[in-house]
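Trainee: I would like to learn how to read the features of a model one at a time. Could we begin with charged side chains that pair?

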Amino acid sequence: MRILARFVSRTVLRLAVLAALVVAAFMALSGVVDALPAPADLWTRATTVAEPSRPSGDTTPAVVTRVIDGDTIVVSTDTDPDLTVRLLGIDTPEVRKPHTPVQPCGPQASDRTRTLASAGTAVRLEYDATQDHTDRYGRALAYVWIGDTMLNHTLVAEGWARTYVYNHQPGRHADALAAAQRDAQAARAGVWGQCPR
C-alpha cells in the first residue's frame with residue numbers, strides 16, 4: 001500500500017510539473033507570437049515602404065496599347081504609335097522568351113501588369129540619364145508612371161518582379177527598388193514564396 005501511495009504521489013507530482021511546463025511554454029510562445037507582425041502588416045510594408053522619388057520633370061506622356069509580359073509593354077506616344085518599353089530596373093519571370101519554358105510566377109506577373117497598365121491607361125515614361133535609352137532589342141528603357149505610382153516599383157513591392165541592375169550601373173531609383181524587394185522577400189510575396197516551383 002505504501003508503494004502504491006508513493007507511486008501515485010510521484011505520478012501526481014510529475015503531472016503537475018509537466019502541466020506547469022506546458023502552461024509556461026504556452027505563455028512564452030503567446031508573447032512571441034503576439035510580437036510578430038500580422039501577415040497583413042507584412043503586406044502593407046511590402047507595398048508602402050521605400051516609395052521612389054517622384055519622376056523628373058522630363059517625362060514622356062504615352063498611352064498603353066498592350067502588355068507583352070510582366071516587364072514589357074507597348075505604348076503610343078506623340079512621336080511613336082508603337083513603342084515597346086522594357087521596364088527599367090526590374091525583371092519578371094519569363095513567359096515568352098524563345099527556347100525558355102514558362103517560369104514560375106511568369107503568368108501571374110504578366111496578369112498583374114495587364115491589370116495595372118491595361119490598354120488605354122495613360123502613363124508617363126521616365127528615362128534615366130545613368131542608363132541607356134534603348135536595349136539591344138531596340139526597346140525603350142524607362143520607368144513607367146501611372147499617376148504618382150511607378151509601375152516598376154509596384155511590381156517589385158508586390159513580389160512579381162526582382163530588381164535588375166545592368167552592367168553594374170544602378171539607376172536613379174535603384175535604392176527604392178532594392179528596399180521594396182527586401183520587404184517583398186520578408187513577406188514571401190509573389191516570386192519569393194507564393195508561386196509553384
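Mentor: A salt bridge is counted when a side-chain nitrogen of Lys or Arg lies within 4 Å of a carboxyl oxygen of Asp or Glu. Keep in mind that this is a predicted model. The side chains of Arg86 and Asp91 meet that criterion, with N to O at 3.2 Å.

Trainee: How many salt bridges does a search of the whole structure find?

Mentor: Side chains of opposite charge can pair when their charged atoms come close. Here the search of the whole structure gives six salt bridges. One of them joins Asp71 to Arg86, where the closest N and O atoms are 3.6 Å apart. That pair connects distant parts of the chain, 15 residues apart: Asp71 sits in the loop between strand 1 and strand 2, and Arg86 in strand 3. Asp71, Arg86 and Asp91 are thus named together as a network of salt bridges.

Trainee: Are the members of that network buried or exposed?

Mentor: A residue under 20% relative accessible area is called buried, one over 50% exposed, and one in between partly exposed. Asp71 and Arg86 are both buried. Arg86 is placed in that class because its relative accessible area is 11%. Asp91 counts as partly exposed because its relative accessibility is 27%.

Trainee: Which residue forms a salt bridge with Glu158?

Mentor: The partner of Glu158 is Arg112, and the closest N and O atoms are 2.6 Å apart. Glu158 lies in the loop between helix 4 and strand 8 while Arg112 lies in helix 3, so the salt bridge ties together parts that are 46 residues apart in sequence. Glu158 is buried, at a relative accessible area of 9%, whereas Arg112 is partly exposed, at 26%.

Trainee: Let us turn to the fold. How many helices and strands does the protein have?

Mentor: The secondary structure comes to five helices and eight strands. Read along the sequence, they follow the pattern α-α-β-β-β-β-α-β-β-β-α-β-α.

Trainee: Which strands pair with strand 1, and in what sense?

Mentor: In a regular strand the side chains alternate between the two faces of the sheet. Strand 1 (59–69) pairs with strand 2 (residues 72–76) in the antiparallel sense over five bridges. These two strands form a hairpin with two residues between them. Within that pairing, Val64 has Val75 in strand 2 as its bridge partner. Strand 1 also pairs with strand 5 (residues 122–126), again antiparallel and over five bridges. In that pairing Ala62 stands opposite Val123.

Trainee: Where in the structure is Val75, and which core does it belong to?

Mentor: In soluble globular proteins, nonpolar side chains tend to be buried together. The largest nonpolar core here has 30 residues, and Val75, Val85, Leu125 and Val144 are those with the most contacts inside it. At least two residues of this core come from each of strand 1, strand 2, strand 3, strand 5, strand 6, helix 4 and helix 5. Helix 4 gives the largest share, four residues. Val75 is in strand 2 and counts as buried, with 0% relative accessibility. Its C-alpha atom is 6.0 Å from that of Ala62, although the two residues are 13 apart along the chain. Over the protein, buried residues make up 37% of the 197 residues.

Trainee: How is empty space read, and what volume does the largest pocket have?

Mentor: Rolling a probe the size of a water molecule over the atoms shows where empty space is left. The largest pocket has a volume of about 910 Å³. It is lined by 36 residues, and those closest to its centre are Arg86, Asp135, Tyr137, Arg139 and Tyr164. Strand 1, strand 3, strand 6 and helix 5 each give two or more residues to the lining. By class, the lining has 13 nonpolar, twelve polar and eleven charged residues.

Trainee: One last item, the backbone. What phi does His168 have?

Mentor: His168 has a positive phi of about 60 degrees, although it is not a glycine. His168 is in the loop between strand 8 and helix 5 and is exposed, at a relative accessible area of 76%. Arg188, also not a glycine, has a positive phi of about 50 degrees. Arg188 is in the segment after helix 5 and counts as exposed, at 52% relative accessibility.

Conventions
Residues are numbered from 1 along each chain as its sequence is written. This is a predicted model: local features need pLDDT of at least 70, side-chain atom pairs count only at pLDDT 80 or more; totals for chains, interfaces and linings use all residues. Side-chain values use heavy atoms; hydrogens and water are left out. On a 1 Å grid over the protein atoms alone, a cavity is a set of points where a 1.4 Å probe fits but cannot get out, and a pocket is an open set with protein on both sides within 12 Å along at least five of seven lines; lining residues have an atom within 4 Å of a point. Grid points are joined across faces, edges and corners, and a volume is the space filled by probe spheres set on the points. Ala, Val, Leu, Ile, Met, Phe, Trp, Tyr, Cys and Pro count as nonpolar, Asp, Glu, Lys and Arg as charged, and the others, Gly among them, as polar. Two strands pair if DSSP finds at least two bridges between them. Buried means under 20% relative accessible area, exposed over 50%, partly exposed in between (1.4 Å probe, protein chains only). A nonpolar core is a set of buried Ala, Val, Leu, Ile, Met, Phe, Trp, Tyr and Cys residues joined through side-chain atoms within 4.5 Å.
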